[in-house]
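These are my notes from a session spent looking up salt bridges, strand pairing, one helix and the nonpolar core. I kept the entries short and put them in the order in which I looked.

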Amino acid sequence: MKATMMNAPLTLGHILERAGTLFAATEIVSRMPDRSLHRCTYGDFYRRARQLAEALSAAGLKRGERVGTLMWSHYAHLEAYFGIPVAGGVLHTLNLRLSPEEIAYIVNHAEDRFLIVDDVLLPLLEKFRGQIDVERIFVVPLTGQAVPAGYESYEELLSTASGHFTPPEMEENEPCGMCYTSGTTGRPKGVVYSHRSSVLHSLVTALPDLMNLSCSKTVLPVVPMFHANAWGIPYAATNVGARQVFPGPHLDAESLLDLFAGEQVTQTAGVPTIWLSILETLQRNPGRWQLIPGMEMIVGGSAPPESMIRAFAELGLEVIHAWGMTETSPVASFSRLKPHLEKESAEERFAYRAKQGMPVPLVDLRIAGEKGPVAWDGRSVGEIQVRGPWITAGYHTQPATEERFTADGWLRTGDVGHCDPEGYVQLTDRTKDLIKSGGEWISSVALENAIMGHPAVREAAVIAVPHPKWGERPLAVVALKDGTAVDGEAICSHLAESFPRWQLPDGCVFVESIPRTSTGKFFKARLREQYADWGSVP
């Protein structure tokens with residue numbers, strides 16, 4: 001017997017056509033470099049994305065060739081998100097927070113043929129332009145200034161389109177986009193997404209139990225469009241016709257809060273360091289911003305402290321935990337409470353909300369111990385491994401290795417954690433960030449989240465430092481809130497309420513701020529290097 005269903009390929013072109021047909025009047029708002037607001041509609045976006053596809057095709061772009069984007073989050077980047085893959089090309093978002101040398105390496109490794117760059121980022125491009133070999137560079141004139149000699153205008157490129165363009169028929173397993181890992185350990189590695197994986201990811205992440213996106217919502221991804229496809233939000237939001245707001249280069253707390261309030265944002269997403277800054281700003285300025293009650297703030301990238309989730313709840317805002325990585329497109333788990341868990345005590349509810357959540361539909365997850373998969377009992381710890389239709393099975397031009405992929409086809413994430421009987425995953429650390437002291441493991445994440453629960457602490461990172469007797473011991477690196485004062489003894493007394501004495505840090509170093517990676521996470525590798533000779537403090 002054969003199924004009778006049509007074989008309709010899942011492609012981003014379908015999402016674009018749907019948005020242009022059904023949601024032409026829906027608004028797209030972008031904050032520009034001069035802080036003005038650029039407003040357009042899905043109808044405008046649809047027309048311009050197709051112009052970009054036609055112009056790139058006329059320029060000779062072939063199927064599977066890469067087009068790099070060195071851009072902030074705004075309307076033109078959304079056009080590239082769809083115009084490039086609709087032309088048959090591969091959207092390659094470049095992380096502008098990497099060093100010029102790293103960006104050059106990634107451009108060359110991906111073999112980008114064309115490059116689209118914001119005019120405000122030309123000074124960055126000039127630092128590595130001589131190191132890359134791209135055929136043409138198109139400049140988006142966000143500031144209204146003339147495009148410098150030696151470059152081509154993005155707007156003039158679009159103007160060459162006739163408007164009578166028939167996109168190529170794409171197969172759903174053809175590539176549509178690629179991102180590179182952050183490369184904090186070794187060279188960055190390229191992950192290549194397919195039309196099928198991106199469409200499926202968009203459908204699932206928009207579900208009510210995940211990002212809860214619909215045409216009645218206004219979504220603002222704080223996570224930049226150059227980082228893991230802005231967690232897939234531009235695709236998912238476009239698919240359902242949600243109103244989209246982009247912050248451009250202005251990611252400070254006050255600018256974001258102005259946009260949240262002014263545009264009445266209902267859903268947003270970003271890393272914990274962003275939300276910690278926003279929380280502190282809201283607490284310093286009570287009543288200044290009138291945000292949508294219950295605004296949903298998706299947090300990922302690293303584990304947020306439970307104290308932060310509680311503090312936002314007191315302000316009427318809901319923090320929702322998610323987990324994933326570049327290799328998982330990136331959403332792999334999401335933490336919304338099951339109905340019967342809503343009836344638990346506040347302590348229990350917040351404990352669940354601080355977990356990374358349940359594996360999302362279509363993603364399989366297991367916890368792998370030294371002797372194989374372990375039980376979901378909330379205690380047994382191992383490496384988190386995943387598989388699914390939007391999980392990578394390898395890296396661009398690099399063979400799959402045992403270090404990252406199991407023999408039976410699961411991705412080894414490098415995250416360590418456990419899963420409870422309800423199916424909620426909780427990360428305890430990255431394998432490289434665990435502290436092994438006297439043969440026993442200490443979770444740096446658990447310690448730093450507890451430290452950030454201290455009322456005087458703005459942010460904290462815990463790292464392993466060498467110790468002659470115990471091998472490694474924890475050191476806390478702490479940044480305090482303005483106008484507060486506290487010493488290391490007080491921090492350890494705070495921790496002693498929840499941790500055994502042998503797990504407490506041997507010392508605290510107080511700093512103005514903690515260094516961050518290109519994706520906004522605490523840069524623990526740099527801290528370990530900086531404090532490698534710190535030594536033990538009794």
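Entry 1, a salt bridge. I began with Arg-113 and Glu-65, whose side chains meet in a salt bridge at 2.8 Å, N to O; the model is a predicted one. I placed Arg-113 in strand β5 and Glu-65 in the loop between α2 and β3, so the pair ties together parts that are 48 residues apart in sequence. I then looked up the accessibility of both partners: Arg-113, at 16%, counts as buried, whereas Glu-65, at 21%, is partly exposed.

Entry 2, the strand that holds Arg-113. How many residues of β5 are buried? I found seven of the seven residues of β5 (residues 112–118) to be buried, so this strand is largely enclosed by the rest of the structure. I followed its pairing to β3 (residues 66–70), which runs parallel to β5 and is joined to it by five bridges, with Thr-69 having Ile-116 as its bridge partner. I also noted that β5 pairs with β6 (residues 136–140), again in the parallel sense and over five bridges, and that Asp-118 stands opposite Val-140 there.

Entry 3, further salt bridges. My search of the whole structure gave 31 salt bridges. In one of them Glu-152 joins Arg-136, with the closest N and O atoms 2.6 Å apart; this links strand β7 (residues 152–153), which holds Glu-152, to strand β6, which holds Arg-136, across 16 residues of sequence. In another, the side chains of Arg-528 and Asp-433 meet at 2.8 Å, N to O, and here I traced Arg-528 to helix α15 (residues 524–530) and Asp-433 to the loop between β21 and β22, 95 residues apart. Arg-528 is partly exposed at 24%, while Asp-433 is buried at 10%. I also recorded a network of salt bridges that links Glu-27, Arg-39, Arg-243 and Glu-263.

Entry 4, helix α2. I looked up α2 (residues 42–58) and found that its 17 residues reach 24 Å from first C-alpha to last, close to the 24 Å expected. I count this helix as mostly covered, with 12 of its 17 residues buried, among them Tyr-42, Phe-45, Arg-48 and Leu-52. After α2 comes Gly-60, with a positive phi near 105 degrees.

Entry 5, the core. The largest nonpolar core has 173 residues, and Phe-260 is one of those with the most contacts inside it. I noted that this core draws at least three residues from each of domain 1 (13–251) and domain 2 (442–531). Leaving aside neighbours within four places in sequence, I found Phe-260 in contact with residues including Leu-220, Val-222, Trp-275 and Ile-278.

Technical notes: Residues are numbered from 1 along each chain as its sequence is written. This is a predicted model: local features need pLDDT of at least 70, side-chain atom pairs count only at pLDDT 80 or more; totals for chains, interfaces and linings use all residues. Side-chain values use heavy atoms; hydrogens and water are left out. The expected span of a helix is 1.5 Å times one less than its number of residues. Buried means under 20% relative accessible area, exposed over 50%, partly exposed in between (1.4 Å probe, protein chains only). A nonpolar core is a set of buried Ala, Val, Leu, Ile, Met, Phe, Trp, Tyr and Cys residues joined through side-chain atoms within 4.5 Å. Domain bounds come from an automatic or database domain assignment. Contact means heavy atoms within 4.5 Å. Two strands pair if DSSP finds at least two bridges between them. A salt bridge is a side-chain nitrogen of Lys or Arg within 4 Å of a carboxyl oxygen of Asp or Glu.
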